[in-house]
Structures are given as structure tokens and as C-alpha cells.
2 protein chains.
Amino acid sequence: MRPDNPSSGINRRVVISSIALLPALSEALFSTAAPGQTTSDAPLASWNDGAAKQAILDFVRATTDQGSPKFVSPEDRIATFDQDGTLWVEHPIYSQVVYCLDRVPAVVEKDQKLKNVEPFKTVLSGNREAIAKLPQQDLEKILAATLTGMSVDDFEAQVKKWLSSAKHERWKRPYTELIYQPMLEVMQYLRSNGFKTYIVTGGGQDFVRVYSNQVYGIPVEQVVGTVGGTKFGYRKDGTPFLTKEPKLLLNDDNAGKPQGIHLMIGRRPHAAFGNSGGDREMLEYTGAGDGARLMMLVLHDDGHREYAYGPAQGLPASKVGTFSQVLYDEARKKGWNVISMKNDWKRIFAFDERT
Amino acid sequence: MRPDNPSSGINRRVVISSIALLPALSEALFSTAAPGQTTSDAPLASWNDGAAKQAILDFVRATTDQGSPKFVSPEDRIATFDQDGTLWVEHPIYSQVVYCLDRVPAVVEKDQKLKNVEPFKTVLSGNREAIAKLPQQDLEKILAATLTGMSVDDFEAQVKKWLSSAKHERWKRPYTELIYQPMLEVMQYLRSNGFKTYIVTGGGQDFVRVYSNQVYGIPVEQVVGTVGGTKFGYRKDGTPFLTKEPKLLLNDDNAGKPQGIHLMIGRRPHAAFGNSGGDREMLEYTGAGDGARLMMLVLHDDGHREYAYGPAQGLPASKVGTFSQVLYDEARKKGWNVISMKNDWKRIFAFDERT
């Protein structure tokens, strides 16, 4: 954890240069976010038969069959899911960072003197090359200015509004439709077998909570994320309210994931799903428990239907934050299951035609 | 919040002088903690008819009757409960502080050089008068030494062992039997009507989690308390584990209570129960929401069956942390319900004979 770092920490894996790939600040094309959560009656309908699907089925059978030596009592059935790259698209840039950049004009509108101050000036220019070159500390200033300083209610309203209009440049759809249908099915399957599903994300806890229930069927209290402090105060009429503060409580990535799990859940998961180096400690922590444990990594190896990166592109181990060869090796050694998006998933998104 | 304060914050309302009332460090009289959760079939069986009981019944009817204009959908049925003085006895001193003092010999055993170092030397002496005179900063040293530095698993085992042997000096019973039976019935009644019950305590989150499920029927993830950071590390064999750190993340008292509610629950409660100034902001925050809201304060006015303090003893408003006259006045003004332990409760504890 970096308690002294005023940024909210969601920028931990941001490859700044990828900002060049950003669309112009999203136009306000209003549309109703209606993410597909449809599934057929069969569990894991969007999964091809194979080792990954079988591992999930075997795990559920082992933990829910009363006669199984690995039976897990319902109150201990905890499953945790990373979000970016595990439940929804993280390329070319985290959706929350797009949100922050899109939010800059409104921040400047409220505080005109920022107009000619960096990094706001550059963001307002819309010059993607220049935005992409902003140093990390400037990006942190943008995150602080757009994620803190407002009441928690105002923040929720701002994110809700953005989600209803912003679209991913490639699919021209709301970000909340870019959810991996097979992962929705895993969460639904686990829940129907008594598991409590949690999101454990390096993204902002308050950000993800805005859509977690609608999109994933996960209530706000089951979202664990990077989180800052709040300040309690009173409005003029005496009504109490909370303001989001630029003070980091938990950077919920890497070691922060097991820390966040202890803080918010208090129990070791029996199943954990991730896709990058930021999920490593969560998978290790999950795997260190007794009895049946399921650790799975989503491998982005489908450059056609989604993106190919990480080991699928032979990315070097030094590239922290992605699914590196080092993580791949650890997975093989420890018996974690690797999900090939290309081979294990019949379809990626709910809007994909079924094959 | 006091993020720079290395103590865990559970000492916020400790009246040092009350330590003089402590029993000698609890003897290891092992007994099975078997807290009474028995209730008759009728809801609120241990409550006398009256305004307080009626307020609870009315609130549940208004929020759960589909035809009610104040109907609350099940996912928004959140009820929060302070612990010390609201769910169990807090006099003459918080149980967790007794735990910390009882724990000192084991800490010194492991680190012999502390034997002649204050404040440990004084605690070891068993001299109650001297212990009572220890300044606040010394008490904080004791809290830090006994609540941090060990793995989360070791801490849980230590608390569990203590709970099985420590006894309250007055009742000669385990602390986990000194639960207010009428409050257990409120929690059960709310849960049976679709409410999710949370503890929101100034006490240590990890401490309360050890017994919350057994004693209150509240799972660990529904305990919000004062909480410190943890550190992720590996044992020699590569097994990952978490160590409790002397770094305060949240002082879950006063303004910290709504902050903790936002952090851990993410929704405003519809019902909140407290007993002291530390619960004021939680009650205000709860009351600031729309629709049906139930705010209740437990008044300790039964010197015979429990204790009489706060307004029942005419305690001055300056006495922070207790149910002061100021809080009493605010309750009357805002329509919060005051529960008289003497008049509203047929019995206080499960082990009391029914009247």
C-alpha cells in the first residue's frame, strides 16, 4: 500500500502510451446500457468443453456435494473476481481512466483557473499524442481531480451519466456491454451453488459499485476495490453527507488484493479468477487454503474477437501488470487453470452471435 | 479519522480510571461460551409493550408491506448496530481492553526485554491503581503490542482462546454471554424480514469477527469496525500470509461510522441502533435518508440488572462518548427512539429468569 500517495491508485497498470489509442473524449451519444446477462439453462453454455470448463464443474461438485471430502459449508463459499481483463475489456485502456479524462471538461468548468494549468490544458486540447505523453504524476493529478472532492452521491450520479453515453471505440457500445459472457455464466453458476461472488479489483471501489449489481448481479457491498477515505460533514441545512477525499486507504492490487479481501470479506476465497500480475497474490492467497481451491487465469489470446496480449504475444516477463511468462510459469507449477479466450469460449460477449 | 495515529483506535472512549475496577487478569477458567440466542416464536419476546417495541414493529411493517408507501426493496434493507453498550455490556470497561491487558504476559513472554519497560511493567505488576493511572499513550502502546504484529490467523486463535476462559467480574460469565437478549431478538426479527444486519463498532473489526457469527448470527463480512492495515508476506515454505500492522485505516467511531458504512456496505442504513455519542453521526446519517428510517438509542437506566449511566445519572454533556444530555436532546428533537433498559426490556440477558 502507498498510503501517502494522494492518487487513488487505479493507474497502477496504465500504459500511458496506450492513451494515444483513445477515441476523442467520448461524445454524449446517449443510449441505454442494457448489458446482456442472458444465459441458457445449461451451466456455462458459452464454454467449449475442455479442461477449463471441466475444472469449474469439478470444483463445484467437490465443494457442494455433502458426501465429498472437500465439501465446503455454504457460509465459506467465497469466490473472488478481478474485473479489468477478467470480467470486461481492459484494452486499449482501463475504462475508468477514460472516465477520468472525459470528466476533465466538467472539472475545469467548475474551476476555470485550471483551464491553463497542466495537465488539464493538454487534456482539454484533445491532442492524443500529447495526452499519451503526460507523465505519471500528471495522470495522478487528473485522477485526483475527477475521482475526489465531490460527495459520494454526486460521484455516483456523474459515473451513471457517463456510463449511459460513453462508448468503446472499437465496438461502439457502452463499456458495460463489453462484459465476458462466459464469466457472467461462471458467476451465476457459482451463485446458484451457494457461493457468494465478490469483485476484487484494482479499479475504484466506488466506480465499480455504480454498475456492479446491474451488470454482474453483484451488490455494492461485495465490491472490493481501490478505495480512498471520505470526510463526514453537514450541509447548511444540517444534512450530513460524505465527501470523497484524495487519501488512499487501500490500493487493491497485487498484495493489496489479499489485504482487501481480509479487510472487506474476512475469509479466504475458495475460488479466485484473474488475468494479470496484479492478481498473483490473490491467487496465491486463495491457493494456500485447505481443501478444494480453484485458481483461474484468463489468457487474452484472441486477437480476432478481442485482443491478444501477454504470453500470447510473447510479452517479456519484465512487463509488470500483464499476464507475463513468469505468471504463466507459476500457474503451470501450481496447477492454476488457464482459460484460453480463443479455445475455451464459444462467444466473448452477450451480443456475439452464437456459434 | 486519525490516519497518523499508530494505535488501533479502540481506546477512544476508554475512561482510564475504570481500569481500577478490573478484576485481576482473568484466570484461565475454561468454560464453553454458549451464549443464549433462544427466543420464543413471538417476535421481540423479551420486550415489554411500549413505544420502543411498537416503533420496531411499525418500522418493519412499513418497510416490508408491498402496499406501503415506505416499502423498501429487500436489497436495500440494511440495519446497523453499535456493539459496546448496544449489544453487550461495556462496563466497567470495554471487553477488548480487558483482552489487551490480559494478553500482556504472553507478549512479554515472547519479548523478555519488555518486562522492565513501561507500561508493560505496570500491567504485569497487577497493581490496579497503577494500571488505572497509565496515561493514554501508554494504553495505546499496550493496544499496539497486543493487537498487531501477529498473523491474522494467530490473532484469531488468541482471541478465541481468551474468550473461552475470560469472565466478567460481576456476572462471572464469559463476555459472550453478556449479550442483551432483546437486541438479539431485534436482529433476528429484522433478518426474518429480509434485513441484512451489520455490526458497526468502534471496537476492533478483527476482534469482533472472531465471535460475531456464533454470538450474533452475523457473518464476519458484516462486521464493520476500527481496522488497521495488514502486510502481505511469505513464510519460508512460500505460503503467503497476512500480518496485522499498527497502521490505522479507519477509526470506526463518531464520523468514522458513516465512513465505515460507506467503505464496507456502500448503502445508507434504514435502521441504526446505538447508545452513545460515538453513534451520533451514524444515527444522523441513517436519518438523513428518504422514506422509513428507524433510529434507536439504548439508555442504560437499569442500575439493578445492569448499570445506570449517562442521562440516567445526570451525566454532564461534556462527558464525551456516553449517552449525554446533548444526545438525549437531539434524539427527542429528531424523533429518535430511546430504549429504556429498565422499562422496555423484560430481561436483559438470556440467562436471566423470565419475569
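Helices (H or I, at least four residues) and strands (E, at least two) are taken here as DSSP runs, numbered from the N terminus. The model is a predicted one, in which local features need pLDDT of at least 70 and side-chain atom pairs count only at pLDDT 80 or more, while totals for chains, interfaces and linings use all residues. Residues are numbered from 1 along each chain as its sequence is written, chains are lettered from A and ligands numbered from 1 in the order in which they are written, and side-chain values use heavy atoms, with hydrogens and water left out.

The relation between the chains comes first. Chain A is superposed on chain B, by least squares on the C-alpha atoms of residues with pLDDT of at least 70 in both, through a rotation of 180 degrees with 0.0 Å of shift along its axis, at an RMSD of 0.0 Å. That is the relation of a two-fold axis. The same surface serves both copies, since 100% of the contact residues of chain A recur in chain B, where contact means heavy atoms within 4.5 Å.

Within chain A, the loop between strand E1 (78–81) and helix H2 (95–110) holds Pro92(A), which a cis peptide bond with omega of about 5 degrees joins to His91(A). In chain B, Pro92(B) lies in the loop between strand E1 (78–81) and helix H2 (95–110), and a cis peptide bond joins His91(B) to Pro92(B) with omega about 0 degrees.

Two loop residues of chain B other than glycine have a positive phi. Lys172(B), in the loop between helix H6 (152–165) and helix H7 (181–192), has a phi near 55 degrees and counts as exposed at 57% relative accessibility; buried means under 20% relative accessible area, exposed over 50%, and partly exposed in between (1.4 Å probe, protein chains only). Asn254(B), whose phi is about 55 degrees, is placed in the loop between strand E4 (240–250) and helix H9 (256–264), and is partly exposed with a relative accessible area of 29%.

Helix H8 of chain B (residues 205–216) has 12 residues, yet its end C-alpha atoms are only 14 Å apart, short of the 16 Å that a straight helix would reach at 1.5 Å a residue, the expected span being 1.5 Å times one less than the number of residues. Of the 12 residues of H8(B), 10 are buried, so this helix is largely enclosed by the rest of the structure; among them are Phe207(B), Val210(B), Tyr211(B) and Tyr216(B). After H8(B) comes Gly217(B), with a positive phi near 70 degrees.
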